[in-house]
Amino acid sequence: MNNVVERLSPWIQAHIFRQGWSELRPVQHAAAAVLFGSEDHLLLSSGTATGKTEAAFLPALTLLGNDELIMYVSPLKALINDQFVRLAPLLEQGKIPVTRWHGEASAAQKQKFLREPRGVLQITPESLQSLLLNHQHECAHVFAKLRVVVIDEVHYFMASPRGIQLQCLLAQVERLSGCSPRRIGLSATLGDAQAACDWLSPHGVQHPQVEEAPRKLHISMRYFAPDDDSRDAHVYRATLGKKSIVFANSRLQAEQTAQQLKRFAAQRGTPDVYRVHHGSVAAALRQHTERDMKSGDRALVTCATVTLELGLDIGDLQRIVQLGAPLSVASLTQRIGRCGRKGQPAELLFLLQDDGDEAICWPLVQAIAMLQLYLEQRWVEPVQQPREPFDLLYHQTMCAVAAAGEISPPKLAQRMLTLPAFAQISQEDFRTLLRHLIEIDHLRRSETGGLVIGFAGEPIVTSRDFLSVFTAPADYTVKAGDKIIGTVGRAYEPGERFALAGRSWQVKSAAQREIHVVPAQGAADTRWQSYGGEVLHPIVLQRMQQVLTSGEDYAYLDTASRAALQTMREHFRRDGVQLPAQLQQTPQRFSKFDRYLPERLMPRL
C-alpha cells in the first residue's frame, strides 16, 4: 500500500488514514499504476462495491492542478447525487469545488461554474448536451483545462443510444476547447472488454486485470406451478427481518408484489417495511427509499425494477429475490452485485412461475441457463452497436445547427462525419439526410446559403425532451395534495383507483396531464406502456436447450423443483417441443427520431 499512498497528495493520504483504511483495494492499486505510470486512458472493470470510484478519483485528484477540471459523467441524476455525498468529505479536505449540473441543480451554482470552471463537474449526457447547445461560446473557456473524464457505468452507455450521444458530446468538447482529457471508464459488467476499450477511446486504453476475492454465493431457486398462489407468501417469509431487494421485471409486478407484502404484514402484525422503486415513482420518493435503505436502521424490503441495478449506494443487503427469469445475464450480474458485500455471502433467491398452460416453464429454464452461464464462465452478452446510427446523426445535426445559429453544409458535414460515431456514414447518405430535412422544413436555407433551423424543426429542438435520445412516454403526473407521487401512463377518471409507489390511490380530479388523488384502501392495478422485452442471445438459447436435453443436476433447486424440471425434460424429449418463437425473434428497433428520416436511411443494425 505504501508505494501507492506515498504518491497521492498529502491531503488524500490524510483522508485515507482518517477513514481507517488498512490497505487499498486491488482495483485502486491497478488504477494508480496506470494513471501515475502512463498517459493512457483507463478502463476499470470489477464487481459492485469494489472501490472503482475511489480508484479513479484518488490518483486523478492528485494529478489535478488548481485551476483544472475533472468531469464525471453518469447515466442517472441519482448516481450523481450519490457520488456527491460519497466524495464530499474527501473533496472538502482538498478544498476542491464540486458542481452538480442537472435539472435539480440551482441556476446560481451553474453560473458560478461557468465563471470559474474548476474542480469536479458531475453531469449527465442530456445536461452536457444542454450545456453545449445553450452555452457553446462559453464552452471553449469552460473545458479548456479539462484533464480527466470519468464515465460511470460504461456497459450501460455501450448498450444505449445515449452512449453514441456521449461519444459525440465528448468529441465536441475536445474540438471546441482544444483539450485532450484522459478518459477513465468504470464498469461492473462487461461482456467484451476490448469492445469497451474501443468505445472508450480508439487509442491508448489500458484495461488492467484485477484479481478479486471469489464471491460467496448462497443461491436457491424454486418453481411454482401455474395454479400455486403461494409465491408472494414465500417472498414475505424469505424477506422477513432481512434488508432485501425484490427484483421484478415490470413496474406492475413490483407494485403488485409490494401490495401483497403489505397485506401479509397487516394480517400477521409485522411492520410495514415495504417500498417500491421504479422509474414512474417520483424522484423524491425514490431518493427517500435509497437513503432509508442505506441507513440500515430498519430491514427495509424494496420491490424494484432496473432502477436499482446500477451502482447506487444503498448499503449492505442481506438478500436479493428475483421474480421470474432475469432479463439478461448482464442484468443478473448487476443484481447479484447488489448483495453480499464486506465478505458476507450474497443470498439470492429465484422464484419462478409460469402463468400459462404450457408443459414447460420457460422462465425456469431461462433462469437456470443464465445462472449457469454466470457461475461457470462469468459470461455476459456482448453489446452490438449500430454501424450507421442515422437517428443519432439526425439528433446531433439538429443540435449542431441550433447551437451555431447558421452553418454552411460543407462545414456541417465536416463537423458531423468526423465524429467517431458516424465514421461509417458516407457523404452521400449525409446529403440525402440534409435534403430530406430541408424538404420537411426541419432545416432551411438562409439567404446566404447556410443552414438554419426550419419552422417545422423549431418546436422539436426547443421541446423539453429533445436533449434526450431515448423515448420517454407521455405520462400523467400524479399528485396527492402538493406532493408528487409519480407518473402513470394514461388518464384516469374521478373515482377510479390505481397503484403507485407501493399503495393504492383514488382519483379526485384530472386535468391537463395532472391527476390529483387521495389514499385508497384495497388492491389496485396500474398499466404502463411497455416497449417490449429482451430478446435472448443465441448463447442463452443454446444453454436453455442444454438444460432440457442434459441430465445435469442443479444443487440450488429444491426437491419439488428438481422433480418439475425432470418432468419438463421428459416432455421436451418425448414431444420435440421447440423453444418459444418470441424468445428468438429479431428485436423490434425503434427510435424517437426514426420518423424524421428518409426511408432508405432508416437505422440499420
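**Briefing: a predicted 605-residue model**

Strand β13 (residues 346-353) has six of its eight residues buried, so the rest of the structure largely encloses this strand. Buried here means under 20% relative accessible area, exposed means over 50%, and partly exposed is what lies in between (1.4 Å probe, protein chains only). Helices (H or I, at least four residues) and strands (E, at least two) are DSSP runs, numbered from the N terminus.

Keep in mind that this is a predicted model, where local features need pLDDT of at least 70, side-chain atom pairs count only at pLDDT 80 or more, and totals for chains, interfaces and linings use all residues. Residues are numbered from 1 along each chain as its sequence is written, and side-chain values use heavy atoms, with hydrogens and water left out.

**Confidence**

- The average pLDDT (the predictor's confidence in each residue, from 0 to 100) is 89 for the protein, and 95% of the residues score at least 70.
- Among the elements, the lowest mean pLDDT, 78, belongs to helix α1 (residues 2-7), while strand β15 (residues 451-453) has the highest, at 97.

**Overall build**

- The secondary structure adds up to 22 helices and 20 strands.
- The radius of gyration is 26 Å, which agrees with the value near 25 Å for a compact globule of 605 residues. That radius is taken over C-alpha atoms, and the globule rule is 2.2 Å times the number of residues to the power 0.38.
- Along its principal axes, the C-alpha trace spans about 75 × 65 × 55 Å.
- Of the 605 residues, 54% count as buried.
- Contact means heavy atoms within 4.5 Å. Of the contacts with a separation of 6 or more, 73% come from residues 24 or more positions apart.

**Around strand β13**

- Two strands pair if DSSP finds at least two bridges between them.
- Strand β8 (residues 217-224) runs parallel to β13, and eight bridges join the two. Within this pairing, Y223 has L352 of β13 as its bridge partner.
- β12 also runs parallel to β13, joined by four bridges. Here L323 stands opposite L351 in β13.

**Helix α6, buried on one side**

- K110, F113 and L114 are buried in helix α6 (residues 107-115). They sit on the same side of α6, because they cover an arc of only 100° around the axis. The arc is that of the directions from the helix axis to the C-beta atoms.
- The general pattern helps here: an α-helix has 3.6 residues a turn, so residues three or four places apart point the same way.
- On the face turned away from the buried side, α6 carries the exposed residues A108, K112 and R115.
- The buried residues of α6 pack against β2 (69-73), β3 (98-101), β4 (119-123), α7 (125-134) and α8 (136-142).

**Salt bridges**

- Count a salt bridge whenever a side-chain nitrogen of Lys or Arg is within 4 Å of a carboxyl oxygen of Asp or Glu; by that rule there are 22.
- E309 and R335 form one of them, at 2.8 Å from N to O. E309 lies in the loop between β11 (301-304) and β12 (319-323) and R335 in helix α15 (residues 329-336), so the pair ties together parts that are 26 residues apart in sequence. Both E309 and R335 are buried.
- R600 pairs with D429, with the closest N and O atoms 2.9 Å apart. This one links distant parts of the chain, 171 residues apart: R600 is in the segment after α22 (559-575) and D429 in helix α19 (residues 427-439). R600 is partly exposed at 45% relative accessibility, whereas D429 is buried with a relative accessible area of 9%.
- E514 and K479 meet at 3.4 Å, N to O. Their pair links strand β20 (residues 514-520), home of E514, to strand β16 (residues 476-480), home of K479, 35 residues apart. E514 counts as partly exposed, at 28% relative accessibility.
- K242, R319 and E347 are linked in a salt-bridge network.

**L310 in its loop**

- L310 lies in the loop between β11 and β12, and is buried with a relative accessible area of 9%.
- L310 and L76 are 234 residues apart in sequence but 8.9 Å apart in space, C-alpha to C-alpha.
- Leaving out residues up to four places away in sequence, L310 touches P75, L76, L79, E153, H155, Q334 and R338.
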